[in-house]
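Here are a few exercises to work through with the model open beside you. Try each task before you read its solution.

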Amino acid sequence: MASSPGKHSFRISLFRRYFASYFALILVPAIAACALAQVLAVRLIENDARKLSDVMVSRVSDQTDASFQSLRASMLGMLSGSGLSGLLRTAGGSLEDRERSEMIHSLRQQLGKLEADPLASRVYLYMTKEDMVIDPDAYTGKSYYFTMRYPLSDGMRHELAAGLKGRKMLDFVLTGTEQLSAVISYPFNTDSPEAYLVVQLNQRAFGELLRIPEPWAAGTMLLNREGEVIGQSGLDRGEAARLSSLVFPGSFSALARSESVSSLQALSATAALEALSGTASQARSEPAATEALPGAVSADMPGSSFRTAEDKGIALVPSKLDNGFAYLSVVDMPALMKPVTAIRIVSWAFLLFFLVVGGLASYHLSRRSYRPIREIRESFGLQRALEPASRWRLARGSELDAIRDYSRLIVSENRQLSKRVDGLLPMLREHLLARLLLGEGRAPAEDAEELGLLPRRDSGKAMTVFCIEIHYGAYPEMPLSGQSRHILMKELKERIMELLPPPIRLAQLPSGLLACVAESAPGGISPAECAGRIRAALLHHAAYYTATIGVGSDAETAEELPASCRQAIESLQQRSLGTDVEICAVPKPGSQQSAVAARAFLPVKELNRVTNLCGSKNYDGLLEAAYSVISEGALRGMPAVRMKSLCADLLNAWIRVSSSERDDAGHVHAGLYEQLGRCMTGDELRKCFALIHGVLFPKPCEDRKAKKFAAVLDYIHEHYDEELSLDYFACQMNMSAGHFSRLFKEEVGEKYVEYLAMYRLKKAKELLLSTDLRIDDIAGKVGYWGRHSFIRVFRKYEGVTPAQYRSSRPGARPGA
């Protein structure tokens, strides 16, 4: 019977009628209420948010200006009262001059006090008319200082030298880098200063000053009169530089000279707005058209620097520290307007709720109105209820024809399912047998017997579990692929099934072992004969592998099968180092084999032998000693498991003695133990140790580079008390400094700086223990210019000061 085509259209028309009435009576007032909330409440919140943004940016600018004013006052006070003028009058004097040294010492102490300022990371004095840089720890030449103590690249050195010119009253150099520094020149009122006080700013503290602790603040930056970014918070350097270049395209310096602050704010904020909306080029040619940008809204406060466009905002505040500086803040408008967003979400949720309620109410009413009509046409719904969509085509006719066709479909699908189950049954049996042998799941005896996993209880037969472990070799001449191994295992199973009397049950265990369960009856084949036949099946393909057959105990019931399987697995540990297919039976209780330890240890005599052979550089003797240990174990019939634990101890001894000569032992030899664990026979162990010997004790090869570096080491040993720079040796060997440093590390095993420091400390320790020289004298004799730098390096490498080292050694001569 065919269904009526107007069946659903009538129900939909009822739903539309009810929903139209609900929309007119309920939804229209709700929409009007939401619109009123948007017009009134949202505007009030937006105005309050703009005012809050201006207040927070102004507060950050005042706080940052106050911190910089404090830093400038500290720098001016240090330069005015530090005695720097007296030192400049003695310019060109000898470094050994006592009075000059005391002046420098006093300056270093005052620099150290200035370095305690929260904004200061590093403080030093840069002399313009002599080759000297002074910091709280040392005073040295400019080249050495910016190479060793405060390393700067060549480009940054040139930029620093270019910035340290002319009169400076808290100007900034090295802008846009991690080495951003504040500079004041001395004397103050001259265009040719003799010294510059440089304070490298603490980037973290500077960023905290600029950070606005509000979720709506996207970032803040400080700009100078050229539009360069002095510092930023919340913005990466690339974005900050791009924004500053678009905000101040050459016009900021002209605006800085203007006395109208409101003009500076308005024009700069407009440029920032154009930078965010991508219209900077158009705004430079037509500055008066910026208010016509889509979405731009001017602030209500007169002279306000806040502008918005799309989802961004710009707040610009001039700095009180310098008329040429300004603070530019980028505001995340969605975060700032979260209350607005919340009201909008609530409004939309309110409308959606009424819309859903109206739809459900209209659907319920239309369904109730349609129920009498549905009961009249109920007979036409049977075909649609029985129809399995997209699987088959329901025949048109009576309900009996529909049920008959549906029954035929069920029978056809059941036949296909039965074929699939028959194909999966062998795999299911093997999986269940493996779980029974491992004791992971115990099926009822009736179900196990029904599936053919166990013999009948009244058969009087016992079961024996055999576990077969196949080892394909650690170094095969012709490695087998995964597919080849699968085919080989399949042939092996078929051959075992042919040689053993049925029923034979095979299962692949998760550990990779092949388990075989054989039945034995009185007067029938014994477990020993079954193991022999399994061995004959394995010997058929013995050219590809070595194998071990573990024989378990007899099991009378299904509950005893896991114990028999465990004993078969344990018996595999009795395998020797031979290359044949070996049968390992369960050891009898109390026998010597049952007392075999799980691990063997290398005797102390062999460990001493390894140490002596390595000490005498007889590395070939090490390999011969390993061969003799393996051969002795094979002659004694030592199991392979114990032999591998013994070889692991020997490998550990090799690694220890080789690591004392090479620094890369931990990285190169990480997989040696795994390689040793894959070995099973004596030949594989010998081959493994031969390969390991080549890795741990490679034969040395000398070349001309090693001879060159030997001459460098000899020169260091003879002139360690002089100034030895890396550039000097690189020039002598016609190399770049980086190339020389890399080759020195490869040839010597240590970095050049660390090797020189360690050799100087070695000589210093000899002088500390054998003489009564003062610490200052010893520092000069080993190449250090000052007492403080010597003590710092000594403590870094030795962990104690020189005086502590001298006093902690018995028999040392006391000194100052």
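**Exercise 1: An edge of a sheet**

Keep in mind that this is a predicted model. Phe172 stands opposite Ala182, a residue of β5.

Task: find out which strand β5 pairs with over four bridges, and in which sense, parallel or antiparallel.

Solution. Start with β5, residues 181-186. Its partner over those four bridges is β4, and the two pair in the antiparallel sense. Now step back to the whole sheet: it is open, has six strands and follows the order β3-β2-β1-β6-β5-β4, with antiparallel pairing. At its edges sit β3 (139-140) and β4 (169-173), each pairing on one side only. Last, look for the helix packed on this sheet: α4, residues 142-149, touches β1 (120-127), β2 (133-134) and β3. The direction of α4 makes about 160 degrees with that of β1.

**Exercise 2: A strand and its partners**

Task: work out how many of the seven residues of β7 are buried, taking buried as under 20% relative accessible area.

Solution. Go to residues 217-223, which form β7. Five of the seven are buried, so the strand counts as mostly covered.

Task: name the bridge partner of Met221 in β12, and that of Leu222 in β8.

Solution. Take β12 (residues 326-332) to begin with: six bridges join it to β7, and the two run antiparallel. Here Met221 has Leu328 as its partner. Then turn to β8 (residues 229-233), joined to β7 by four bridges, again antiparallel. There, Leu222 is partnered by Gly231. To finish, follow the hairpin of β7 and β8: five residues lie between the strands, and Gly227 takes a positive phi near 85 degrees.

Notes. Residues are numbered from 1 along each chain as its sequence is written. This is a predicted model: local features need pLDDT of at least 70, side-chain atom pairs count only at pLDDT 80 or more; totals for chains, interfaces and linings use all residues. Side-chain values use heavy atoms; hydrogens and water are left out. Buried means under 20% relative accessible area, exposed over 50%, partly exposed in between (1.4 Å probe, protein chains only). Two strands pair if DSSP finds at least two bridges between them. Contact means heavy atoms within 4.5 Å. Axes are lines fitted to C-alpha atoms, for helices over the stretch in contact, and angles run from 0 to 180 degrees between N-to-C directions.
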